[in-house]
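Please look over the sequence and the model shown here before reading on. The paragraphs that follow go from one helix to the cores and then to the ligand.

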Amino acid sequence: MSIIKLLSKKLDRIIFTTPSHNQKAVFSQEYTSFYKQDYSEIDGFDNLQNPVNSILMAQGKVSDILKTKQTFFVVQGATTAILAAMKALIKPSERVLVARNCHKTVFSGLILTGGVVDWFMPETDEKWGIYTKIDPKKLESTLELNQYKVFIMTSPTYEGVNSDINEISKVCKKHNVYLIVDEAHGALYNFSDKLPKTAIEQGADVSVNSLHKTAGALNQTAVLNISNTINNVDVTVFQAALNLFQTTSPSYPLLSNIEACFNFLNSKDGKKEIDNLILEIEKTKSELKRFGVEFYDDENHDSTKILLRKNGISGFDLSDSLFNEFNIEDEMTNQNSCLFLSGIGTTRQKLDKLKQALKKIQTNPSFEFENIDFQPYPIVKLQPVETFNRNFIYVNKNNSLLKISNKMILPYPPGIGLLYPGEAIQKWHLTYLNNDVEVIA
Ligand SMILES: Cc1ncc(COP(=O)(O)O)c(C=O)c1O
């Protein structure tokens, strides 16, 4: 029986198990609907750590849809799925190549696995101030230098830039390197011809999708996908790795929400909703282009990620005006541009409000955009595994140059580190640091 059906049946049973609340909102009626289906792994329900029944079936169905060897449901976000993927593939002291624009959870994964990191710098676009693609040729020359176990990268980026995973996976396979793609922002790709192909379809060994970012599911829902073509790995190691990090009391409402999400995405209605969304975005864009609004675009760009800038106004001022005058909040802003995310649930009305606001916003004809600088290659003094729970001292910012940071500089979003513990403080970091800087003793 599906997880959804299991939860929809009235349970005619007296249960003396966790959770204690008896499926009733005990202290606040506001949460009534949360409580109703909040069971734990009681008799007849399945077990996320060793699924044999409804969870196994639901995962199998999604695996068929996504054409994977195995797909695992995750109720603690893409964060946990990435940690598990890393734990499954990386042993202590094995070399790992990581694209510098990865989410900070990859740094946590390096601490937890003991992997030895080299950072790989993706291409950049100074005009928009964003990381763009991984250059397969540059990757190939890097993989020739050392034997890496795994290459970890993000595609799409937050801003919807997709790398050529097809080429990248060929390069990785040639060099015997596992490819993990953080596809947290690409959960819709399997369901529309108007979006890029999935990382798994293009040859990645492992991918991770977040379902709450674009696919209309609840916060913390995610899946971990293992490819049919992964070599020399017993897939059970991914279950074992997930079991290290995932709760033993998974939320059934979240599990059934994952099942329902894929049922919808894979239905006619779901596919239609994605295609309509893309159509509405394209219409909005073509109208706004006549009002001095420019949109980021490139080959294979994910059009649900609306990255724009308006002539005559900085990204920060545009973001402030939208918020203060029109009650519209963007996802992320930089000096030049603003990012608006959309997905299942983004209505035409919502896009219309954005469109009307963007038309009206006042601009200053003498304002000129400037190119945005990117972080240089980091200086790694201590490996991530050596940095956790270290003794530290405070030094004045003016004396901190080339000392080893005990802290991250992490603008969020996007959660990409500008400085991680174990890295030397460089001159360009100083503007981000407080007067007292934590350095490793
Ligand atoms: C690229 C990327 N990967 C992973 C994550 C973590 O996802 P979650 O919030 O589902 O744990 C995020 C969150 O912002 C992200 O942007």
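**Helix α4, the cores and the ligand**

In α4, the buried residues (under 20% relative accessible area with a 1.4 Å probe, protein chains only) are Gly77, Ala78, Thr80, Ala81, Ile82, Leu83, Ala84, Ala85, Met86, Ala88 and Leu89. The helix, a DSSP run of H or I with at least four residues, is thus mostly covered, with eleven of its 13 residues buried. From its first C-alpha to its last, α4 reaches 19 Å, close to the 18 Å expected at 1.5 Å a residue, where the expectation is 1.5 Å times one less than the number of residues.

This is a predicted model, in which local features need pLDDT of at least 70 and side-chain atom pairs count only at pLDDT 80 or more, whereas totals for chains, interfaces and linings use all residues. Residues are numbered from 1 along each chain as its sequence is written, and side-chain values use heavy atoms, without hydrogens and water.

The largest nonpolar core (buried Ala, Val, Leu, Ile, Met, Phe, Trp, Tyr and Cys residues joined through side-chain atoms within 4.5 Å) has 55 residues, and Leu139, Phe151, Ile152, Leu224 and Phe238 have the most contacts inside it. Helix α4 gives the most to this core, with eight residues. A second, separate core of 34 residues includes Ile3, Ala187, Leu211 and Ile258.

Turning to the ligand, one of its oxygen atoms is 2.9 Å from a polar backbone atom of Ala78. Polar side-chain atoms also approach the ligand: one of Asp182 lies 2.5 Å from a nitrogen atom, and one of His185 lies 2.8 Å from an oxygen atom.

Note on methods
Buried < 20%, exposed > 50% of the residue type's maximum accessible area, 1.4 Å probe, protein only. Helix = DSSP H or I, 4+ residues; strand = E, 2+ residues; numbered from the N terminus. Polar contact = N/O pair within 3.5 Å; in protein donor to acceptor, adjacent residues only side chain to side chain.
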